[in-house]
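User: I would like to learn how to read a few local features of a model. Could you take me through them one at a time?

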Amino acid sequence: MKIRTVFTVAFLVMLVVSAPVSAVKSEGRIDCINNQFVGFNPFIGLGISYIPSVCSALEFYQTVTEDNRIGIVCDDVAKYRVKINVGPGEYDRIILTNFVRETDPWQSRANQNLIILPGQSLTESFYSDMAIYYAREGYSVYILDRRETNVPVTETDFSYMANWTVDEYLKDTYYGVAVSRIHTTLLNNNYNNNKNNNINNGNNNHFNCKAPAKKVEVTAIGHSHGALILTAYEASEYDDLFLGGVDKVVPVEIIIKYDPACPELIQAQALQFEDISEKMENGTYNSDNMGGMMQLAYLASLYPEAESPVQPEFTNRQVFRLMASQTYVFSTYPYTPDYHYWSGDLDGLYYVDENRVLSVALTGGAVPYAPQNLDLYMAGLMGNVDGYEIDSSGVDSPLLYVGLGGGFGNYGSWWYENEVGKTNKKVSSIIWNDQGHGSIALDYNSPDLWSEINCWLENN
C-alpha cells in the first residue's frame, strides 16, 4: 500500500488536537505560507486556522515515497518498510524498517517507538533479532538505514559523499524520527478506529479516524556511529523541532571525548583526523573499511581452509577470526588498547556463531562504503580538534550509556558521566562483559543485555 493514499488523514488527526487556535480564515485551496493555512481550511467549524504542526506534517508527507507491509516475521510481529527521500541525489534516501506486533494487517496498538541507529556500514539485517525482541516487549521498533546503505558495491564515483555532512545526517535522523511517529500513529489509529467503531472493511485506503492515537514517545538506541549521531542529535536543535524530540537515549559503544588521563589515545585520534583530512583534500570522500572486511568474510565463508592472500601463514577462516578478535592489530590508530569486534582466537569466536556473522555480513547486513565525513567528525571529537565538540548541556534526556568490555567500554562512559552528568542528573551506564564492539546484536547472550536496557527504559 502506498503511503500517499493513507497518511494525510492520520497526520491531521494526530496533530489537530495540539494545534494553536486563532481566527478562521476563508476557504479555498490548501497552501502553507509562513506556517499558516491559506485558502481552504479543513478545520472550518473547529476555530482553528494557524496550524504549523499540520504544515510540518504535510512537508514530511511529501518526502515518503513508499510504505510497504512486508509481512509476519515471527509470531504476531510484522515487518514494514518506509522509504524517505532526503535529497536530490540518486542515493539520497533513508529507509525505516518497522517491526511491530499487529492485531491485524496495518493495525497495531503500540504507541511507544524505539528507533535503532546502526553502526557504520551496518544495516537493519544486523539488528533484526534485537528489533523483534523489543517489538515483543510492546514497542513499535524502527531501524534507520542511512544513505550509504543504498550505494552498490559496483559504485566508483563517490564525489556526492562530500556533501554527506554530519548536519545532513542529523537532518536525516530528524526525518526518521518524525516519520516513525506518523507511521505508528497511522497503525494505532487504524486499530483504535476498528476497535471503537467496529469498522473493518479490509480497505486500508479509508480510515474513520475518530479516535486519535495517544502521544507517541520515542526512545533511541544508537550503536557505534549510530551512537555518535544520536548524541549529536540529542544536543542539536533538531531534537527540539516538531515531531523530532527523543524522550530517552541509549548510546552504545561510542567515545565522544576521552578522559584527559589518556593523552596517547587522544593524540592518536588527532593523527587520524589529519590523515582523513588529507584524504578528503585529495578527493577521497568514502571509507571502504567495511569493504575490506567483507572481502575477508567472503574468503572465510567460501574458502575457509585455503591459504590467506593477506596472511599466508594462516587460512582464510583464521584471518577472519584474527580480524574479529584482534581488530586493533589491523588499525593504525586503535580506539582502545584491546579493541575488537568479538572475542575469540584462531580456533573460533567465543560468544557468537561465526557462520552466522559471515552470513549476515554477506547477505545484506553490511555495505562496503561510508562517508569519510563521519569518521572525520568522530576523530575530531576524540582528538580534541578545535571546532569539534558536542554541547554536553544539550544532552538533557534520560540517558543510558552502554559500553562493551572488549570495545569502547569504560573509555566511552567518561564523557557521559563526567560532562553530560554535570547538567543531566539522569545519566547511567552499563559496562557489559568482555565480548566486543559488535556484541550488541548477534551474541548468544545479547538478549540478556537487551533485557537490562529494557529494565532501565521502564524505570525512566
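**A hairpin, a buried acid and confidence**

Analyst: In the hairpin of β3 and β4, two residues lie between the strands, and Asp-75 there takes a positive phi near 55°. This is a predicted model, in which local features need pLDDT of at least 70 and side-chain atom pairs count only at pLDDT 80 or more, while totals for chains, interfaces and linings use all residues. Residues are numbered from 1 along each chain as its sequence is written, and side-chain values use heavy atoms, with hydrogens and water left out.

User: In what sense do β3 and β4 pair, and over how many bridges?

Analyst: Strands are DSSP runs of E with at least two residues, helices runs of H or I with at least four, numbered from the N terminus; two strands pair if DSSP finds at least two bridges between them. Here β3 (residues 64-74) and β4 (residues 77-85) are antiparallel over eight bridges, with Ile-72 opposite Ala-78 in β4.

User: Is Asp-239 buried or exposed, and which side chain of opposite charge is nearest?

Analyst: Asp-239, in the loop between α5 (225-234) and β9 (248-252), is buried (under 20% relative accessible area, 1.4 Å probe, protein chains only). Asp-239 has no salt bridge (a side-chain nitrogen of Lys or Arg within 4 Å of a carboxyl oxygen of Asp or Glu), and Arg-181, the nearest side chain of opposite charge, is 7.3 Å away. A polar atom of the Asp-239 side chain lies 2.8 Å from the backbone nitrogen of Val-246.

User: What does the chain average in pLDDT?

Analyst: pLDDT is the predictor's confidence in each residue, from 0 to 100; the protein chain averages 86, and 82% of the residues score at least 70.

Terms used
Buried < 20%, exposed > 50% of the residue type's maximum accessible area, 1.4 Å probe, protein only. Lys, Arg positive; Asp, Glu negative; His and termini not counted. Polar contact = N/O pair within 3.5 Å; in protein donor to acceptor, adjacent residues only side chain to side chain.
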